[in-house]
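Student: I would like to go through this protein one point at a time. Please show it first.

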Amino acid sequence: MPEELAIGLDIGGTKMAFVLADRAGRIYADRTLPTNSGAGSEDMFNRIASQLNQYMQRSANIRGIGIGLPGPVEAQRGVALQAANLGWKDVPVRDVVAARLARALPIFVDNDVNCGAIGEQEFGGLPDVAHFVYLTVGTGLGGAVMINNRLMRGAAHSEMEIGHVSLDPINGLPCSCGMRGCLEMTVSGKGIVAQAQHHLSDYPDSLLRRSEITTREIIKAAEAGDSLASDVMREAGRALGIACAWCVNLFNPQQIILAGGLMMAAWHLLEAPLQREMRARSLPLNSAAVDIKLGKLSNAALGASALVWHHSQSRGLK
């Protein structure tokens, strides 16, 4: 075992992923458990502590624990402010977990997208990149911003909700947040499905009429040249290019890192309209300074473990 290890835990609506990893991002153990939030938070935290204590018994070299959570997190106090899919509001995650550990360890808690950004910086080959934007495109659309090696933090701990910036507040599709035309309703798994369903009647010959409309089927149909699927994916790429242009002009980053399941599966369909739209809508000086790259991390719990190294290097909270 290496001299220094960290535990990472990513808590999602359906599963909890654990890793035991070193400073280089090498994973020595991993496990996935069902979240089973319906059984109550007491049961969930007991199961979390049981797994954490197993790792701690396995190695005396563990330097800390990083925990990634959905929704806004007050990272300085380790409090989950609102995690709707877990049924949590103002839950002191750090203190609740610490009380169940066999021995005291530093515990760092943050939003899961922030964990992804920190994981990319620590393990994704970005040691010299101090300014970057991280966008994750999966079921939804989220983001984080690193400025001078520090995460941008908001007054309500709900910064960079770029998925809920509206492209068309009048005629756009309704979003779960209560607004219309949010980016997430065009650029995300649920967004491209909603767009395909909304426009299906306009494409009587679409391959998507033959099966359940899912992100997988939309990508397959677009690859086969289906007009509806191709238009939906092209519009998703265009909208993501607009989002990237906003980020380029607002934050002047060195890189934009794109991650998430949909992004990895559909980059070949999204890249051209994204690049075209971003270059057309951003200042030339800013767009010339930025590179767009796909993220390298595919393990959310590994990103959570990076919180330990991030904070130990004094890049963390103020």
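The questions below go from the whole chain to its sheets, cores and single residues.

Student: What radius of gyration does the protein chain have, against that of a compact globule?
Tutor: Keep in mind that this is a predicted model. The C-alpha trace spans about 60 × 45 × 35 Å along its principal axes. With 318 residues, a compact globule would have a radius of gyration near 20 Å, and the chain agrees with that. The value for the protein chain is 20 Å.

Student: What percentage of the 318 residues is buried?
Tutor: The chain has 9 helices and 13 strands. Its accessible surface comes to about 14,200 Å², with 49% of that belonging to carbon and sulfur atoms. A residue counts as buried under 20% relative accessible area. By that cut-off the buried share of the 318 residues is 54%.

Student: Among contacts with a separation of 6 or more, what share joins residues 24 or more positions apart?
Tutor: The share refers to contacts in the protein chain with a separation of 6 or more. Residues 24 or more positions apart account for 61%.

Student: Which strands are at the edges of the open sheet that contains β1?
Tutor: This sheet has 5 strands with mixed pairing, in the order β3-β2-β1-β4-β8. An edge strand here pairs on one side only. The twist from one strand to the next averages 15 degrees. The edge strands are β3 (27–34) and β8 (107–111).

Student: In which sense do β1 and β4 pair, parallel or antiparallel?
Tutor: Strands of a sheet pair through backbone hydrogen bonds, and either sense is possible. Here β1 covers residues 5–11 and β4 covers residues 62–69, with 5 bridges between them. Leu5 stands opposite Ile62 in β4. The sense of the β1 and β4 pairing is parallel.

Student: Which helices pack on this sheet?
Tutor: One helix, residues 41–58, lies across β1, β2 (15–22), β3 and β4 and runs at about 20 degrees to β2. Another, residues 300–312, touches β1, β2, β3, β4 and β8, and its direction makes about 130 degrees with that of β1. The two are α1 and α9.

Student: Why is one side of β11 and of β13 left without a neighbour in the sheet?
Tutor: Another open sheet has 5 strands in the order β11-β10-β9-β12-β13, with mixed pairing. Within this order, β9 and β12 pair in the parallel sense over 5 bridges, and Tyr134 stands opposite Ile257 in β12. β11 and β13 (291–294) stand at the edges, so each has a single partner strand.

Student: At what angle does α6 run to β9?
Tutor: α6 lies across β9, β10 and β12. α7 also packs on the sheet, touching β9, β12 and β13, and its direction makes about 165 degrees with that of β13. For α6 and β9 the angle is about 160 degrees.

Student: Which element gives the largest share of the largest nonpolar core?
Tutor: That core has 42 residues, and among those that touch the most other members are Leu135, Leu208 and Ile256. Elements giving two or more residues to this core include β9 (132–137), β10 (141–147), α4 (189–199) and α7 (261–281). The largest share is 12 residues, from α6.

Student: Which residues are named in the second, separate core?
Tutor: In soluble globular proteins, nonpolar side chains tend to be buried together. The second core has 32 residues. Its members include Ala29, Leu33, Leu52 and Trp88.

Student: Is Met160 buried or exposed?
Tutor: Met160 has a positive phi of about 55 degrees although it is not a glycine. Its place is in the loop between β11 (150–151) and α4. The cut-off for buried is under 20%. With a relative accessible area of 13%, Met160 is buried.

Student: How does Asn252 count at 40% relative accessibility?
Tutor: Asn252 is not a glycine either, yet has a positive phi of about 50 degrees. Asn252 is found in the loop between α6 and β12. Values between 20% and 50% fall in the middle class, so at 40% Asn252 counts as partly exposed.

Student: Which residues is Ser230 in contact with, leaving aside its neighbours within four places in sequence?
Tutor: Ser230 lies in helix α6. At 18% relative accessibility, Ser230 counts as buried. Leaving aside neighbours within four places in sequence, its contacts are Ala222 and Gly225.

How values were computed: Residues numbered from 1 in each chain as written. Predicted model: local features only at pLDDT ≥ 70, side-chain atom pairs only at ≥ 80, totals over all residues. Heavy atoms only, no water. Pairing = 2+ DSSP bridges. Helix = DSSP H or I, 4+ residues; strand = E, 2+ residues; numbered from the N terminus. Axes fitted to C-alpha atoms, helices over the stretch in contact; angles between N-to-C directions. Contact = heavy atoms within 4.5 Å. Core = buried A, V, L, I, M, F, W, Y, C linked by side-chain atoms within 4.5 Å. Buried < 20%, exposed > 50% of the residue type's maximum accessible area, 1.4 Å probe, protein only. Rg over C-alpha atoms; globule rule 2.2 N^0.38 Å. Areas by Shrake-Rupley, 256 points an atom, 1.4 Å probe, with all protein chains shown as cover.
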